[in-house]
Amino acid sequence: MEAFCNLLLLVLFVAVMILWIAALVDSDGKCHLEDCTGCPYRHDCQEERRRKDEDC
């Protein structure tokens with residue numbers, strides 16, 4: 001049972017890594033949110049600065 005659980009954790013880890021790498025490959029590096037409420041870069045968001053520069 002312990003070996004099965006360890007194998008299951010290993011398979012889960014590999015699956016998460018594959019999905020993470022695929023998401024990085026598919027990303028264009030730009031924010032596609034309409035507002036910056038969900039931005040992880042709250043105080044240094046390049047997309048927010050670009051939007052403010054376009055509005056001026």
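**View 1. The whole protein and its buried share.** Of the 56 residues in the protein, 7% are buried, in what is a predicted model. The fold comprises two helices and zero strands, and the accessible surface of the protein amounts to about 5400 Å², with 65% of that area belonging to carbon and sulfur atoms.

**View 2. Helix H1 from end to end.** Helix H1 covers residues 2–26, and because each residue is expected to add 1.5 Å, its 25 residues should span 36 Å, which agrees with the 36 Å that separates its end C-alpha atoms. H1 is hardly covered, since the count of buried residues among its 25 residues is zero.

**View 3. A nonpolar patch on the surface.** The side chains shown here include Leu7, Leu10, Val11, Phe13 and Val14, which belong to a nonpolar surface patch. Met17, Ile18, Trp20, Ile21, Leu24 and Val25 are also part of this patch, and together the patch residues have about 1100 Å² of accessible area.

**View 4. Leu10 within its helix.** Leu10 lies in helix H1 and is one of the residues that form the nonpolar patch. Its relative accessibility is 48%, and because partly exposed residues fall between the cut-offs of 20% and 50%, Leu10 counts as partly exposed.

Note on methods. Residues numbered from 1 in each chain as written. Predicted model: local features only at pLDDT ≥ 70, side-chain atom pairs only at ≥ 80, totals over all residues. Heavy atoms only, no water. Helix = DSSP H or I, 4+ residues; strand = E, 2+ residues; numbered from the N terminus. Expected span 1.5 Å × (residues − 1). Buried < 20%, exposed > 50% of the residue type's maximum accessible area, 1.4 Å probe, protein only. Areas by Shrake-Rupley, 256 points an atom, 1.4 Å probe, with all protein chains shown as cover. Patch = residues over 30% accessible without salt bridge, like charges linked within 9 Å, V, L, I, M, F, W, Y side chains within 5 Å. Salt bridge = Lys/Arg side-chain N within 4 Å of Asp/Glu carboxyl O.
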